[in-house]
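Student: I should like to understand how statements about a ligand and its surroundings are justified. May we examine the structure together?

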Amino acid sequence: MAAETSLPTNIETSSEEGLARSAAARAALADVAREPGAAKPDPILVADGITRAFGGLKAVDVAHLEVQRGVITALIGPNGAGKTTFFNLLTGFDRPDDGTWSFNGTKLNRMPAYRVARLGMVRTFQLTKVLSRLTVLENMRVAARGQTGERWWAALFAPLWRGQENENTDRAHDLLARFLLDKKAADFAGSLSGGQRKLLEMARALMVDPELVMLDEPMAGVNPALKQSLLGHVKSLRDEGRTVLFVEHDMDMVRDISDWVVVMAQGQVIAEGPPDSVMADPRVIDAYLGAHHDTKLTFEAEEKILDAAQQELAEEQENEQ
Amino acid sequence: MDFSSLFSDSLQQAFGTSAIVYCLAAIGLNIHFGYTGLLNFGQAAFMAVGGYTMAMFVTQWDVSLWLAMLAGLGLTAVLAILLGIPTLRLRADYLAIVTIAAAEIVRQVYGSIALKKYFGAQDGLTAFSADFRALNPFDGPVDLGIVSWGKNDAWVVLVGWFVVALCCLVVWLLMRSPWGRILKSIREDEDAVRSLGKNVYYYKMQSLMLGGMIGALAGFVTALKSAAINPSFFATDVTFFAYTVLLIGGAARVLGPVVGAIIFWFLLTFLDLFFSAATDDVGSVLIPSSIMTNQQASLVRFIVMGLALMLLMIFRPQGIFGDRRELAIDGR
Ligand SMILES: Nc1ncnc2c1ncn2[C@@H]1O[C@H](COP(=O)(O)OP(=O)(O)OP(=O)(O)O)[C@@H](O)[C@H]1O
Ligand SMILES: [Mg+2]
């Protein structure tokens, strides 16, 4: 297909150093136990006992989770598993009822969202949040860090910030080109299509130059051809030394790019491991891909299945020891 | 009916002292509402605190008018902080409710008998404009052909429009900068701005303070143009007229409030004069009293004005200066 070949795919063009770094990071994961809450050799993000309830519903109940630095970690789980809520809690957009978590060793409890972002942990939203009545380019420029012109007194004197603004503009154009949005730079962001908004949001998050990028369903609504090239971009983020944590329902994509997969169901982390082993895990197939997907469950039946699954789990763990 | 005097009288108001007051108030609201998306329904409170502080400092403590103005600006900033601390972290509607209440509280306080010693209760304060009038370069009425002002009014008009120009310049400089870009981004989506590492609360506070202080300038002009100040100058409708001015001109446009104020006062005066002349029993009666009496005439202008505003919102919702393209993408 002509359209597909014309897309830039830089999957194989990563720098030597980047490739070496990611290979090393993945090698480090080889020895990590394939169980929920497994300790990682070099975690960038550590969460402990995070719970969040909405009324009677425990949306998130994560006992322990570590995210390895410099790799691509996928967070998967059925609808309503609590993935987005977990993202919100980690990034300061919501407060957990209980628990502690840290980024690069800095405790993030009660830290406002903007400071979390400044530390280098930047997220995107499942329901895209573009700044509609600003141009695409302005959407990008607003994201740049440490702008002198963001102080009100400096704002009055353009010479104080013009140089920085030009640099940011160049960087914004580079990123937009990477996400095939450079032709849209002068348009209002509100005029973009749903998929283009996803792309813009991702590009904007990168404009912050984050160490950890957290993407909530970045590929939802993006056409298959572009998806392929985006996969390349996400991989290149890792090869630049960034850490990526993303939520995704597209299993092919998860299999293709993630080094590690965390599975959530009903608020809890139920499995962890490299993509192939996780997807072969019967617990995951049960909970996520859904052995019972097609049959309508009563509450009692659901309880029973859950009990059975937990028993199975306990037995399995005993067998392993 | 004498249309040429109708026209020149309306022009006189369009560029007169009241237009300046509403123009400045609307410039402040433009920063709040137009650029940052903050719903301030209590601009009258900022104007009152500015005007009253200035007047009281002069009458009570006999400080110079210019120092009193600085104090007025300072206290307005304090008011903005007081209103902002509890509300700016919450949803937009909370600020609206709190500012409406604040405007009422402020007006009641200035009008209260208990504080008559300081604020003169319903009589208000006078005799504070000497420093301003001492600088008046005009020694008689100023006649520009179509419009003419008395000596004192002319001085207020001259200084007033100069201040308006200065405010517009500041708004223009700020809104093209990264600082202004953050305000506009907050208007579009607060959470997105937070996720990019910007302290939204801090910028909203700055916006509230700046817009409030420009409101204080409107308060100064209100007091100086009549060399008096009293609570009735700051009734709730002041804020709503200022919003009307802003919407006519077009929100989030630097010159929107200026054009809006001129058009608003032109129409308001024109309609008033027109209807009162048309129903005047002595002259040639255009509208028979069975339809509208002379007493009703002065109220009809507000009805027509409201109708005009509705039509404007339907057919040109972006205001005179607004950008239609921006509106097309609303609500997606
Ligand atoms: N603000 C809220 N108030 C009440 N319940 C909520 C709220 N936010 C989320 N929930 C509930 O918490 C649960 C987890 O929601 P969440 O959005 O985290 O799921 P998710 O894993 O992201 O799902 P999806 O894959 O569909 O995006 C759901 O059952 C949802 O109904
Ligand atoms: Mg979600």
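Student: What makes the pair formed by the side chain of His249(A) and an oxygen atom of ligand 1 a polar contact?

Tutor: In this predicted model, an N or O atom in the side chain of His249(A) is 2.8 Å from an oxygen atom of ligand 1. A polar contact requires a pair of N or O atoms within 3.5 Å, and therefore this pair qualifies.

Student: How do you know how much of ligand 1 the protein buries?

Tutor: Ligand 1 taken alone exposes 630 Å², and the protein buries 61% of that area.

Student: Which elements give two or more residues to the shell around ligand 1?

Tutor: They are β2 (57-68) and α3 (83-90) of chain A. The largest share, three residues, comes from α3(A).

Student: What is the distance between Thr84(A) and ligand 1 in terms of polar atoms?

Tutor: A polar side-chain atom of Thr84(A) lies 2.6 Å from an oxygen atom of ligand 1. The limit is 3.5 Å, so this pair is a polar contact too. For Gln126(A), an N or O atom of the side chain is 2.8 Å from an oxygen atom of the ligand.

Student: Which residues come nearest to ligand 1?

Tutor: Of the 13 residues around the ligand, Asn79(A), Lys83(A), Thr84(A), Thr85(A) and His249(A) come nearest.

Student: How many residues of each class does the shell around ligand 1 have?

Tutor: The shell has seven polar, four nonpolar and two charged residues.

How values were computed: Residues numbered from 1 in each chain as written. Chains lettered and ligands numbered in written order. Predicted model: local features only at pLDDT ≥ 70, side-chain atom pairs only at ≥ 80, totals over all residues. Heavy atoms only, no water. Near = heavy atom within 4 Å. Polar contact = N/O pair within 3.5 Å; in protein donor to acceptor, adjacent residues only side chain to side chain. Areas by Shrake-Rupley, 256 points an atom, 1.4 Å probe, with all protein chains shown as cover. Helix = DSSP H or I, 4+ residues; strand = E, 2+ residues; numbered from the N terminus. Nonpolar A, V, L, I, M, F, W, Y, C, P; charged D, E, K, R; others polar.
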